[in-house]
Amino acid sequence: IKNDSYTSRSIDLLEPNVNYRDWIILGISGVLAILAEVYAYIYAVENSSLVIILAILSMIIGGRQPFIKGIRAMRDFIFNMNFLMTIAVIGAAIIGEWPEAAMVTFLFSLAEMIESYSLDKARHAISKLMEITPDKATVKIGDSTWIIKSVSEVQINDTILVKPGERIPLDGIVISGKSSVNQAPITGESFPIEKIVGDTVFAGSINELGSFEFKVNKNLNDTLIAKIIRVVQQAQLEKAPTQRFVDQFAKYYTPTIVLFALIIAILPPILTG
C-alpha cells in the first residue's frame, strides 16, 4: 500500500488543474454541432431554421476565442491557421453549409484546448518540481554543531543531516547512517531505494525511516532536479524542427492557396458567363 501511494504521488506531480468548465462548454458546442450534422443528413436540409440555430449556437458557445484570433489575423493580414479557420467558417455559412461551419469551429476549438492542456501540464510539472525542494537545510558546523541554513547558502562539501520524513535539500553522497529514500518525484521509481554510505542522494527526494548525513557535491543550480527544470523550460521555449518547417511553409503556402481559391472562384464566371 505504501509503494502504491508513492507511485500515485509521483503521477500527481504531472497532473495540471483541469478547467472542467471550459471542457463542459466545449462538449456542449460539440453536441450541438453533431445534432446539426445529423439533422441535416437525415432530412437532407442544410438551411432549415433548426439546423441554422443549432450551428450558430454551437459556434457562439465553443468558438469565441478562435473567432477573436481569426478576426485579428484577418485584420493584420497574418496568414496563419486562425486566418484559414475563419475564412472556412465564413465561407461555409455564406454558401449555406451551416453544419460544416459548426463542425469546423468545434474541431478547431478542441485542437486548441488539447494544445493548451498539454502546455499547462508542462508548466504544472515545472512548478511542482520547484516546490518539492526544501528552502532550508540542517548543516554541520565544526565537529558537532548543527544549524539551519538557507539552501542557497550551502557550499559543496558541507555536511547535511536529513531526519525521517524530511526532503533532501541538495544532491550529495551519504557519509553516515542509512535509510530508505523515495525518489519517485525525481526518477519515477515507485519503490523506496535503500541508501547506505557511499550512495548518491538527490534533492527533492523524501527520506523515509532512518536519519543520515550526506556531503553536498552539487550546488543548488547544478542538482539533478535543477537540470530537469531547465531542460523542460528550454523544450517549451524552442520549437521542434518540424514545427519550424511547417511555420515557414505556411508563411508562403497559406496566401498562395487563398489567392488561388479567389482566382478559381472569380475568373471562370467572368470568362464563361
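How much accessible surface does the protein chain have, and what share of it belongs to carbon and sulfur atoms? The accessible surface comes to about 16400 Å², and 64% of it belongs to carbon and sulfur atoms. Areas here follow the Shrake-Rupley method with a 1.4 Å probe, and for residues only the protein chains shown count as cover. The model is a predicted one, in which local features need pLDDT of at least 70 and side-chain atom pairs count only at pLDDT 80 or more, while totals for chains, interfaces and linings use all residues. Residues are numbered from 1 along each chain as its sequence is written, and side-chain values use heavy atoms, with hydrogens and water left out.

Overall form comes next. The protein chain has nine helices and nine strands; these are DSSP runs numbered from the N terminus, with helices (H or I) of at least four residues and strands (E) of at least two. Its radius of gyration is 29 Å, well over the 19 Å that the globule rule gives for 273 residues, so the chain is more spread out than a compact globule. That radius is taken over C-alpha atoms, and the rule is 2.2 Å times the number of residues to the power 0.38. Along the principal axes, the C-alpha trace spans about 100 × 40 × 25 Å. Of the 273 residues, 33% count as buried, where buried means under 20% relative accessible area, exposed over 50% and partly exposed in between (1.4 Å probe, protein chains only). Among contacts between residues at least 6 apart in sequence, 66% join residues at least 24 apart, a contact being heavy atoms within 4.5 Å.

Tyr-43 offers a look at the helical part. This residue lies in helix α2 (residues 20-43) and is exposed, with a relative accessible area of 52%. From C-alpha to C-alpha, Tyr-43 and Ile-90 are 24 Å apart in space, with their positions 47 residues apart in sequence.

Strand pairing can be followed from β1 onwards. Strand β1 (residues 136-141) runs antiparallel to β2 (residues 145-150), and six bridges join the two; strands pair if DSSP finds at least two bridges between them. Within this pairing, Thr-138 has Ile-148 as its bridge partner in β2, and Ile-141 stands opposite Thr-145. The hairpin of β1 and β2 has three residues between the strands, and there Gly-142 takes a positive phi near 75°. Strand β1 is also joined to β3 (residues 159-162) by two bridges, again in the antiparallel sense. In that pairing, Val-139 of β1 has Ile-160 as its bridge partner in β3.

Further along the chain, three strands form an open sheet in the order β6-β5-β8, with antiparallel pairing. Its edge strands are β6 (193-195) and β8 (206-207), each of which pairs on one side only. Strand β5 (residues 179-182) and β8 pair over two bridges, and the partner of Asn-182 in β8 is Ile-206.

Where does Ser-205 sit? Ser-205 is placed in the loop between β7 (200-201) and β8. At 0% relative accessibility, this serine counts as buried. A polar atom of the Ser-205 side chain lies 3.0 Å from the backbone oxygen of Phe-202. Leaving aside neighbours within four places in sequence, Ser-205 is in contact with Glu-166, Arg-167, Ile-168, Val-181, Asn-182, Gln-183 and Ile-186. Asn-182 thus appears twice in this account, as a contact of Ser-205 and as the bridge partner of Ile-206.

Aromatic rings complete the picture. A pair of aromatic rings is described by the distance of the centres and the angle of the planes. Rings of Phe, Tyr and Trp (its six-membered ring) pair if their centres lie within 6.5 Å, with planes under 30 degrees apart counted as stacked, over 60 as edge-to-face and the rest as tilted. The count comes to four aromatic pairs. One of them is the tilted pair of Phe-212 and Phe-214, at 6.3 Å centre to centre and 45° between the planes. Phe-212 is buried at a relative accessible area of 2%, and Phe-214 is buried at 0%. Phe-249 and Tyr-253 form a stacked pair, with 5.2 Å centre to centre and 20° between the planes. Because Phe-249 and Tyr-253 are four residues apart in helix α9 (residues 241-272), about one helical turn separates them. Phe-249 is partly exposed at 47% relative accessibility, and Tyr-253 is partly exposed at 40%. Ring pairs link Phe-245, Phe-249 and Tyr-253 into a cluster.

How values were computed
A polar contact is a pair of N or O atoms within 3.5 Å; within protein, one must be able to donate a hydrogen and the other to accept it, and residues adjacent in sequence count only if both atoms are side-chain atoms.
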